[in-house]
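New notebook page, new structure. I want to get my bearings before picking at details.

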Amino acid sequence: RNSAHSESVVNRFATGNMETLGFPDIRERLIQFHDESYSSNLMKLCIVAKDDIDTIQQMVIDKFSDIQNKDIEIPNFSEV
């Protein structure tokens, strides 16, 4: 959100509630969003832990390796 234009809808949405998410096709729209926007190439991961690096690395592999890389183009929110 920090990189988006100050008037962008991105800066007005934090979480959903029954009013904002209470329309008939919400499930389909969320699945569409996931399919079009959820890709490992758009994600960053930061870990803070007391464990040794090998333990941390294995935990990250176990938890995050199933996230697909769909090579989605990084969106430009500065003009939205």
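How many helices and how many strands are there in the chain? I find three helices and zero strands. Read from the N terminus, the elements go α-α-α. Note to self: this is a predicted model.

**Entry 1, the whole chain.** I looked up the burial first. The chain has 80 residues, and 9% of them count as buried. Its accessible surface adds up to about 7,300 Å², and carbon and sulfur atoms hold 53% of that. Then I checked the contacts with a separation of 6 or more: 73% of them join residues 24 or more positions apart.

**Entry 2, Ser 39.** Next I went to the loop between helix H2 (26-37) and H3, where Ser 39 sits. Is Ser 39 buried or exposed? It counts as buried, because its relative accessibility is 1% and the cut-off for buried is under 20%. So what is Ser 39 in contact with, leaving aside neighbours within four places in sequence? I wrote down Ile 67, Gln 68, Asn 69, Lys 70, Asp 71 and Ile 72. For Lys 70 I also have a distance: its backbone nitrogen is 2.7 Å from a polar atom of the Ser 39 side chain.

**Entry 3, Asp 71.** One of those contacts of Ser 39 is Asp 71, so I followed it up. Asp 71 belongs to the segment after H3. Its phi is near 50°, which is a positive value in a residue other than glycine. I have Asp 71 down as exposed, since its relative accessible area is 60% and exposed means over 50%.

**Entry 4, a nonpolar patch.** Which residues form a nonpolar patch on the surface? I get Leu 45, Ile 47, Met 59 and Phe 64, with about 320 Å² of accessible area together. I picked Met 59 for a closer look and placed it in helix H3 (residues 53-64). Met 59 is partly exposed, at a relative accessible area of 34%. That is enough for the patch, because members need over 30%.

**Entry 5, Ser 6 and Ser 78.** Last stop: the segment before helix H1 (18-21), where I found Ser 6. Ser 6 is exposed, with 58% relative accessible area. How far is its C-alpha atom from that of Ser 78? The two C-alpha atoms are separated by 8.4 Å, though the residues are 72 apart along the chain.

Key:
Residues are numbered from 1 along each chain as its sequence is written. This is a predicted model: local features need pLDDT of at least 70, side-chain atom pairs count only at pLDDT 80 or more; totals for chains, interfaces and linings use all residues. Side-chain values use heavy atoms; hydrogens and water are left out. Patches are made of residues with over 30% relative accessible area and no salt bridge: like charges are joined within 9 Å, nonpolar side chains (Val, Leu, Ile, Met, Phe, Trp, Tyr) within 5 Å. Accessible areas come from the Shrake-Rupley method with a 1.4 Å probe; for residues, only the protein chains shown count as cover. A salt bridge is a side-chain nitrogen of Lys or Arg within 4 Å of a carboxyl oxygen of Asp or Glu. Helices (H or I, at least four residues) and strands (E, at least two) are DSSP runs, numbered from the N terminus. Buried means under 20% relative accessible area, exposed over 50%, partly exposed in between (1.4 Å probe, protein chains only). Contact means heavy atoms within 4.5 Å. A polar contact is a pair of N or O atoms within 3.5 Å; within protein, one must be able to donate a hydrogen and the other to accept it, and residues adjacent in sequence count only if both atoms are side-chain atoms.
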